[in-house]
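Trainee: Could we go through this model together? I'd like to start with the DNA and then look at the sheet.

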Number of protein chains: 2
Amino acid sequence: MTDIYRAIADPIRRKILRMVSQKECTQSDIVASFSISQPAIKKHLAILLEEQLLLERRMGKFCYYRLNTPVFQQEYLQLQSELGLVLENKLAGLKHYLENLEEE
Amino acid sequence: MTDIYRAIADPIRRKILRMVSQKECTQSDIVASFSISQPAIKKHLAILLEEQLLLERRMGKFCYYRLNTPVFQQEYLQLQSELGLVLENKLAGLKHYLENLEEE
DNA sequence: TTTATATATAACCAAACGGTTATATGAAAT
DNA sequence: ATTTCATATAACCGTTTGGTTATATATAAA
């Protein structure tokens with residue numbers, strides 16, 4: 001369901017993740033940190049919410065966003081194990097190559 | 001220039017990265033591992049090449065692909081430090097909160 | 001030399017992305 | 001009650017993504 005790869009594909013969304021991880025932010029806090037329009041920010045927030053990496057809380061006319069830490073942590077761990085494999089494979093391939101230098 | 005986030009956004013491209021990290025593969029090896037068309041695979045390879053995560057080598061009618069390990073490693077490290085910040089921020093925020101429990 | 005195989009390219013398509021402007025809604029402050 | 005401010009939504013736009021089919025090209029094998 002959660003696609004962290006989609007969520008982090010855009011630099012604006014990565015910066016939003018960093019912002020809300022430090023401190024809960026209102027939408028206008030976030031809008032103020034970028035030079036794009038409020039609806040554009042809204043769409044980025046919608047993607048982050050859709051991928052469940054953000055939680056929102058309504059207080060009067062304000063909407064607060066914060067990191068959904070458990071989900072982010074879990075998804076990030078999975079990402080690391082998936083991409084980590086790429087480098088491990090490379091090392092395994094090299095190891096095999098070295099072990100069989102004389103035989104081939 | 002290299003945008004690893006773009007490169008890894010698609011699961012097919014992530015699988016290609018894993019494949020070529022184990023062993024140099026021809027394009028038809030790769031095509032055979034998926035159930036999409038050869039031109040579709042070609043486009044994924046084009047994106048991975050564009051982002052410099054793959055190297056290609058021509059041998060007669062075959063085209064071999066392999067991981068561009070130094071670039072992948074470097075970009076992956078940067079990704080980790082960028083995303084790692086998100087969790088570190090969260091911890092720092094929590095620390096600050098605990099330290100100031102009595103004052104607020 | 002014909003045939004088969006590997007790769008490349010073109011044309012097309014629908015859907016998603018990333019932005020815009022304009023406007024509506026809803027809550028708070030004057 | 002009216003204005004102000006935060007957020008939401010609609011309509012639009014150009015580009016990118018991710019796929020297709022059909023076809024061209026280039027090398028290798030029969």
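Mentor: Sure, one term to begin with: a polar contact is a pair of N or O atoms within 3.5 Å; within protein, one must be able to donate a hydrogen and the other to accept it, and residues adjacent in sequence count only if both atoms are side-chain atoms. This is a predicted model, so to speak plainly: local features need pLDDT of at least 70, side-chain atom pairs count only at pLDDT 80 or more, and totals for chains, interfaces and linings use all residues. Residues are numbered from 1 along each chain as its sequence is written, chains are lettered from A and ligands numbered from 1 in the order written, and side-chain values use heavy atoms, with hydrogens and water left out.

Trainee: How far is a polar side-chain atom of Ser37(A) from a phosphate oxygen of DNA strand C?

Mentor: Ser37(A) is among the residues that come nearest to DNA strand C. Its polar side-chain atom sits from a phosphate oxygen at 2.5 Å.

Trainee: Which part of Ser28(B) lies 2.7 Å from a phosphate oxygen of DNA strand C?

Mentor: Ser28(B) is also listed among the nearest residues. Here the atom at 2.7 Å from the phosphate oxygen is a backbone N or O.

Trainee: What share of the DNA strand C atoms within 4 Å of the protein is sugar and phosphate?

Mentor: There are 23 residues around the strand, counting a residue as near if one of its heavy atoms lies within 4 Å. Sugar and phosphate make up 67%.

Trainee: Which residue in E3(B) stands opposite Arg57(B)?

Mentor: Strands are DSSP runs (E, at least two residues), numbered from the N terminus, and two pair if DSSP finds at least two bridges between them. E2(B) and E3(B) pair antiparallel over six bridges. Opposite Arg57(B) stands Tyr64(B).

Technical notes:
Helices (H or I, at least four residues) and strands (E, at least two) are DSSP runs, numbered from the N terminus.
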